[in-house]
Amino acid sequence: MNQSKVTEKQLESCIRELIDCGALELLRCLEGNPNDMYIPYMMNDALEYYFILTECTAIGELKTEFPMGTTVETVQGPQGSGLVLRRPDGTLLTLQYQQAQEVRQLYQYHTIGHFWRDGQEQWRQLVYIIGTIYDKWSYIGAESCNTAEQELLPLMTFAPFRYWSPIHEELDFYPDSEEGLDCMALLAKQAGDTAYLSLLCQYQEQHDRDMTERLAKELAKPERRELYRVIWKKLSQAASGYPERDYGIVLNTKIAAERRQVTELLHQYGFQGRYPCFRRDTMQVVAAEEHPFTVFGLEYADFTFRIQFMVSETREPQRIWNAGFFEGTGRIAHSLQELEAIV
């Protein structure tokens with residue numbers, strides 16, 4: 001865990017950002033010191049970044065809402081440092097604390113899978129993960145991303161890629177850029193996909209909605225399997241340099257046991273491979289995980305670790321994982337939660 005002191009001015013600036021985004025939360029966490037106050041700054045599958053106000057006393061109305069227009073001011077008193085939050089309705093909240101600490105920890109994320117939309121889940125998973133990288137780069141800076149990640153994150157500025165949104169809305173809040181187009185062109189070249197490279201040249205001249213949709217739908221065709229494999233492999237290598245989340249002995253042991261159970265059951269039913277990728281004849285199974293935050297007080301109460309599965313079949317055995325998710329006859333693919341539904 002990377003933990004360091006933070007100045008009152010730095011803390012004040014971050015709190016202003018959170019208020020402007022409507023995202024300021026003040027939380028007590030049961031597993032820590034009950035007198036400490038936690039302020040999440042950015043929490044996602046690749047990063048946990050939050051502040052701890054040690055021995056924090058709240059004076060005033062500790063309501064959860066801090067609407068736009070709330071002001072924040074740092075003060076010094078006999079009890080130590082303090083923050084005064086004034087809501088637009090005039091209500092005040094003063095936080096007195098001994099020390100402000102910043103906690104910033106990067107984690108692996110390449111086995112993450114959140115499946116909110118059906119169809120082309122293999123691309124939606126990549127969009128979700130690369131969007132996660134892009135977000136930590138945008139908020140925290142280049143120091144939060146290794147070289148391999150920085151080479152991939154421009155994909156989020158390539159509209160045909162993020163067409164495969166993992167959520168039930170378009171991702172138009174990401175910008176479009178020539179760097180995104182160049183990034184996809186380089187990846188297509190590395191994959192030997194000359195057909196898609198030709199389309200990218202046309203796209204460079206015609207950035208309209210029809211051309212964007214055409215290039216997006218081209219990604220769903222089986223001819224793009226090698227391009228998908230190149231991106232997936234690079235992403236896995238980029239993420240593997242970071243540590244896994246550490247939940248302590250009890251939950252770490254439980255997670256290891258669940259992964260082992262998946263492996264044993266799939267092997268029992270004739271699958272080969274090791275976690276998280278297995279195959280049997282023309283069927284492929286890739287395990288994808290959902291991870292809670294390591295500070296459970298900063299997570300939704302009902303959100304726990306779980307394993308879901310990307311299951312695909314093709315007419316012939318495929319060397320490329322998730323090949324069955326691409327369009328075409330003889331391809332069957334779906335994501336599901338229950339292991340028993342596979343075997």
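Helix α1, residues 8-20, has 13 residues and reaches 18 Å from its first C-alpha to its last, close to the 18 Å expected at 1.5 Å a residue. The structure described here is a predicted model, and every value below is computed from it.

**Helix α1 and its surroundings**

The buried residues of α1 are L11, E12, C14, I15, L18 and I19. Around the helix axis they cover an arc of only 165°, which puts them on the same side of α1. An α-helix has 3.6 residues a turn, so residues three or four places apart point the same way. On the other side of α1, K9 and D20 are exposed. The buried residues of this helix are covered by elements that include β2 (37-43), β3, β5 (71-77), β6 (80-86), β7 (92-97) and β8. After α1 comes G22, whose phi is positive, near 65°.

**The protein as a whole**

The secondary structure of the protein comes to nine helices and 13 strands, and its C-alpha trace spans about 75 × 55 × 35 Å along the principal axes. Of the 343 residues in the protein, 50% are buried. Among contacts between residues at least 6 apart in sequence, 63% join residues at least 24 apart.

**Helices α6 and α8**

For the twelve residues of helix α6 (residues 194-205), a rise of 1.5 Å a residue gives an expected span of 16 Å, and the end C-alpha atoms are 17 Å apart, which agrees. Y196, L199, L200 and Y203 are buried in α6. Seen down the axis of α6, these buried residues fall within an arc of 105°, so they line one face of the helix. On the other side of α6, T194 and E205 are exposed, while the buried residues pack against α4 (159-162), α5 (178-190), α7 (209-218) and α8.

Helix α8 has 15 residues and reaches 21 Å from its first C-alpha to its last, close to the 21 Å expected at 1.5 Å a residue. Its buried residues are E226, L227, Y228, V230, I231, W232, L235, S236, A238 and A239. What covers the buried residues of α8 includes α2, α3 (147-152), α5, α6 and β10.

**The packing of α2 on α8**

The axes of helix α2 (residues 121-140) and helix α8 (residues 225-239) come within 11 Å and cross at roughly 35°, and the crossing in which α2 passes α8 is left-handed. From α2, the contact is made by Q122, W123, Q125, L126, I129, I130 and I133, and from α8 by L227, Y228, I231, W232 and L235. The residues of this contact divide into ten nonpolar, two polar and no charged.

**Backbone features in loops**

Most residues other than glycine have a negative phi, and most peptide bonds are trans. The table sets out two residues other than glycine whose phi is positive.

| Residue | Phi | Loop | Relative accessibility |
|---|---|---|---|
| E55 | near 45° | between β3 (47-54) and β4 (57-60) | 33%, partly exposed |
| Q120 | near 55° | between β8 (99-106) and α2 | 7%, buried |

Because the cut-off for a buried residue is under 20% relative accessible area, Q120 at 7% counts as buried, whereas E55 at 33% counts as partly exposed. A cis peptide bond joins Y275 and P276, with omega about 10°, and P276 lies in the loop between β9 (272-274) and β10 (277-280).

**The setting of F271**

F271 is found in the loop between α9 (249-268) and β9, where this residue is buried, with a relative accessible area of 2%. When residues up to four places away in sequence are not counted, F271 touches L266, F278, R279, R280, M283, V285, I342 and V343. The C-alpha atoms of F271 and E31 are separated by 40 Å, and the two residues are 240 residues apart along the chain.

Technical notes
Residues are numbered from 1 along each chain as its sequence is written. This is a predicted model: local features need pLDDT of at least 70, side-chain atom pairs count only at pLDDT 80 or more; totals for chains, interfaces and linings use all residues. Side-chain values use heavy atoms; hydrogens and water are left out. Axes are lines fitted to C-alpha atoms, for helices over the stretch in contact, and angles run from 0 to 180 degrees between N-to-C directions. Helices (H or I, at least four residues) and strands (E, at least two) are DSSP runs, numbered from the N terminus. A crossing is left-handed if the near helix is turned anticlockwise from the far one by less than a right angle, and right-handed if clockwise. Contact means heavy atoms within 4.5 Å. Ala, Val, Leu, Ile, Met, Phe, Trp, Tyr, Cys and Pro count as nonpolar, Asp, Glu, Lys and Arg as charged, and the others, Gly among them, as polar. The expected span of a helix is 1.5 Å times one less than its number of residues. Buried means under 20% relative accessible area, exposed over 50%, partly exposed in between (1.4 Å probe, protein chains only). The arc is that of the directions from the helix axis to the C-beta atoms.
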